[in-house]
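Please find below some notes on this model, set out as numbered points. They go from burial to the sheet and then to one residue in the core of the discussion.

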Amino acid sequence: MAVGDWETDVAWCAGFFEGEVTVFLSPSSKGQRHVRVSAYQKIREPLERLKETFGGQIYRDRDRGWSWAVVSRDACFALEAMLPYLIQKGPRAEAAMKWQTTLRHGLRYDKRTDAENELRRQCLEVFGYAS
């Protein structure tokens, strides 16, 4: 389904993203939040284009039809590629990418620097989460 031209595909995905896709910080089983980009559609084809462009997975969602999701570094790759085209969701995309830079697997919260903790607080604020 991808057109074949990277810039055209990314621009299409960014337009679709502005209206149909969500970016958020999803809690993991270990209490850490990770970046998640997802979309739900009644028809699968638009989600196939997202998957062909950025990877991720497509799942059958019993209530909504189809679901596409990409997480963590892969999600940030997609966000970074689309960022020049984003208007409304640009601030969330930027906050998600900044959040990803603060993730340190196995690192306790009290081992982060003050600067990392402040950046995380700012990111949580953009997403409307209580810090």
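1. A residue is called buried when its relative accessible area is under 20%. This is a predicted model, and within it Cys-123 has a relative accessibility of 2%, so that it counts as buried by that cut-off. Cys-76 is likewise buried, because its relative accessible area is 10%.

2. How many disulfides does the model contain? A disulfide is a covalent bond between the sulfur atoms of two cysteines. With the requirement that a pair of cysteine sulfur atoms lie within 2.5 Å, the count comes to zero disulfides.

3. As regards the overall architecture, the protein has five helices and four strands, and when these are read along the sequence they follow the pattern α-β-β-α-β-β-α-α-α. Of the 131 residues in the protein, 42% are buried. The exposed area is about 7,700 Å², and carbon and sulfur atoms supply 50% of it. Among contacts with a separation of 6 or more, 55% are between residues 24 or more positions apart.

4. The four strands form an open sheet with antiparallel pairing, in the order S1-S2-S4-S3. Strand S1 (21–27) and strand S3 (57–61) stand at its edges, and because each has a single partner strand, one side of each is left without a neighbour in the sheet. From one strand to the next, the twist averages 30 degrees.

5. Strands of a sheet pair through backbone hydrogen bonds, either parallel or antiparallel. Here, strand S2 (residues 33–41) and strand S4 (residues 65–71) pair in the antiparallel sense, over six bridges, and one pair to inspect is Ser-38 with its bridge partner in S4, Ala-69. Helix H4 (residues 90–101) packs on the sheet, where it touches S1 and S2, and the direction of H4 makes about 140 degrees with that of S2.

6. Which residues surround Leu-25, apart from its neighbours within four places in sequence? Leu-25 lies in strand S1 and is buried, because its relative accessible area is 1%. Leaving those sequence neighbours aside, Leu-25 is in contact with Arg-33, His-34 and Val-35, and also with Trp-99, Leu-124, Phe-127 and Tyr-129. In addition, the C-alpha atoms of Leu-25 and Ala-95 are separated by 9.8 Å, although these two residues are 70 residues apart along the chain.

Key: Residues are numbered from 1 along each chain as its sequence is written. This is a predicted model: local features need pLDDT of at least 70, side-chain atom pairs count only at pLDDT 80 or more; totals for chains, interfaces and linings use all residues. Side-chain values use heavy atoms; hydrogens and water are left out. Buried means under 20% relative accessible area, exposed over 50%, partly exposed in between (1.4 Å probe, protein chains only). Two strands pair if DSSP finds at least two bridges between them. Helices (H or I, at least four residues) and strands (E, at least two) are DSSP runs, numbered from the N terminus. Axes are lines fitted to C-alpha atoms, for helices over the stretch in contact, and angles run from 0 to 180 degrees between N-to-C directions. Contact means heavy atoms within 4.5 Å. Accessible areas come from the Shrake-Rupley method with a 1.4 Å probe; for residues, only the protein chains shown count as cover.
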